[in-house]
Amino acid sequence: MKVQQSKKKFELTTEMTPKGDQQQAINKLVANLNKGVKHQVLLGATGTGKTFTIANVIAKTQKKTLIVVHNKTLAGQLYSELKELFKNNKVEYYISYFDFYQPEAYLPSSDTYIEKSSKVNQEIEMLRLSTIQSLSTEEKVIVVASVAAIYPAVDPKVFDKFRIILNTGANYNLKQLQYDLVRLAYKRNDVNLEPGCFKVKGDVVEIMEGSNNQEKIRISFFGNEIEQIAKMDVNNNTVKEIWKAYVIYPANEYVADSSMFEKSLANIANELKERQAYFKKHDKLLEHQRITERTNRDIETLSETGFCPGIENYAMHLELRKPGSTPYTIFDYLGDDWLLVVDEAHMTIPQIKGMYFGDRSRKQTLVDYGFRLPSALDNRPLNFNEFESRVKQAIYVSATPGDYEKKKSNNLIVEQIVRPTGLVDPIIQIKPSTNQIISLCEELDAQIKRNERTIVTVLTIKMAENLTKFLKEKKYKVAYLHNELKTFERDKVINALRKGIYDVVVGINLLKEGLDVPEVSCAVIFDADKPGIFRSRDALIQTFGRTARNKNAHVLLFADNVNDALLDAINETNRRRKIQLEFNKKHHITPHTIVKPIREDLHGKSDAKALEAIFNKNAKVNEKSGSRAIKTLRKKMNEAAKNQEYELAAHYRDLIIELESKLK
């Protein structure tokens, strides 16, 4: 890593040009940012290319950008797309690095203590560290993050302090370099060089940084002088680059300043005394015993090794922060001039709002019952006020902006309604609930003749089950897609729908099933006029959008009344459809259904029978076959991650978690 900060500009590396009404959206967003507008909304209909629009905004404004989205799968897709659009710039990926995470908790009602259990994904851990390093050393960086962005990170001043600057020809003792590497949390391993390790052979030190498993740094000494600094390919051990100067950053993102360690331990001991006095005063002897034993054990382990299980609960003391102070996050690495993009804002903003309270409620119970010191509450995500205070300029992106985004932007909404494909929003038809099953069958018959697929949403599990059973009896090829289906089963159903093995899928909330299937041209909604979260204005519009990848898109609603939510959803869809049709007519555009390749089932053909047997509900999985399957899936997950196929990698991860759960 170069010592001097790179000033390379953002450069779009694509031959694509803005289409539809992308250009007008880009112009308005950029103009608002240049005028200093702090909050604005990009209302982008499904399939209008919102990511490409945002990429153009970044290129035109040259602002360091943080994009936050509500789940890992979407974050992976965005990261992959932006890496392609900005091949010559730093595009980073920052999500929770746990494949599995069970937080520490206590359930007073059953007197059950649950220890923290987790599995760290090393690939993601490297990407997180790469994010922090890029933000520390580069002016032009794009970070795609999940809501993990609001969780604690190392103090930027500490991270910047803990680095080794190497210069060719400089005097540097080899033993001193080893000492400095250990101070940066590197481990010596002369047998197997892994990320975060170094090895020494004669006058040569080889280092594999924590953020990279494809390259290593070779430092050659001549006496006490650095003779050469080379970047090596780990696969064939060839020299890729020779450096005159190089900066080595910590092996992981949780480096601690040992110069403050003695004071930190003293502060932990003082807080323990205060807590002991509190429990003794209130005659809580069991809690007194718990906190005494645990904290003394942790202090002893910290003083001997610099680490202990649950070390994050002492973050306030280790960073010498005041009680109640705001923890450091990657927001502290972004500087004074940067852009926040909140993707799928109607989902992401509520998730950010809820994180703080959920985390605090769980930890407060641990504190009250003597499992943790009160300072553990300061190892927390940002609360929503803290999040808002860090925003410089923001674009909230959604097909259905929520009340928060509208209010925050004073209804400054930039619309992107026209799709580059020319596809338009669906035609909407309302029918009474009387004879609705007969009407559904008539619609399905027409759909099958056109070789097109249908999704049906209902409000209750019982109705979904009964409707699925009825349609099967009538010889329709139907599947019930519900929450209890695991990743393996859900993926099989969606692929089967695309292939025509099923003609129709029935579900309750198909919005969260990842059901973007171009072959689906019709959405049928039962009880469309009933109040509730699944029949809100925004939920209805999102459901309508499931058909918008097909040129024959249409929606059939069964309703006896037209309430406000239904009327608003229909009016908004018709408004968008009118704009799209007028644009197509003006520019002589003929819409065509999106052609999207059908991905083979996640496990691949060779493993199909073995994995299908393992994931069968009634199957008994022995440790040998289960372990073999997990090994296969983990290999596929890592391959997918390396190929930047993050949606596929996320599916493999879910399969591994489900299989491990079944083995337990």
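This briefing covers one parallel sheet, the helices packed on it, and two nonpolar cores. The model is predicted, so local features need pLDDT of at least 70 and side-chain atom pairs count only at pLDDT 80 or more, while totals for chains, interfaces and linings use all residues. Residues are numbered from 1 along each chain as its sequence is written, and side-chain values use heavy atoms, leaving out hydrogens and water.

**Sheet**
- Six strands (DSSP E runs of at least two residues, numbered from the N terminus) make an open sheet with parallel pairing, ordered β20-β25-β24-β21-β23-β22; two strands pair if DSSP finds at least two bridges between them.
- At the edges are β20 (427-431) and β22 (478-481), each pairing on one side only.
- Ignoring direction, neighbouring strands are turned by 20 degrees against each other on average; axes are lines fitted to C-alpha atoms, for helices over the stretch in contact, and angles run from 0 to 180 degrees between N-to-C directions.
- Strands β24 (residues 520-525) and β25 (residues 554-558) run parallel and are joined by four bridges; Val524 has Leu556 in β25 as its bridge partner.

**Helices on the sheet**
- Helix α13 (residues 436-449; helices are DSSP H or I runs of at least four residues) touches β20, β21 (453-457), β23 (504-507), β24 and β25, contact meaning heavy atoms within 4.5 Å.
- The direction of α13 makes about 165 degrees with that of β25.
- Helix α16 (residues 537-544) lies across β20, β21, β24 and β25, at about 150 degrees to β24.

**Nonpolar cores**
- The largest nonpolar core has 58 residues, and Leu66, Val205 and Ile219 have the most contacts inside it.
- A nonpolar core is a set of buried Ala, Val, Leu, Ile, Met, Phe, Trp, Tyr and Cys residues joined through side-chain atoms within 4.5 Å; buried means under 20% relative accessible area (1.4 Å probe, protein chains only).
- Another core, of 34 residues, lies apart from the largest and includes Leu33, Val57, Ile67 and Ala75.

Methods: Buried < 20%, exposed > 50% of the residue type's maximum accessible area, 1.4 Å probe, protein only.
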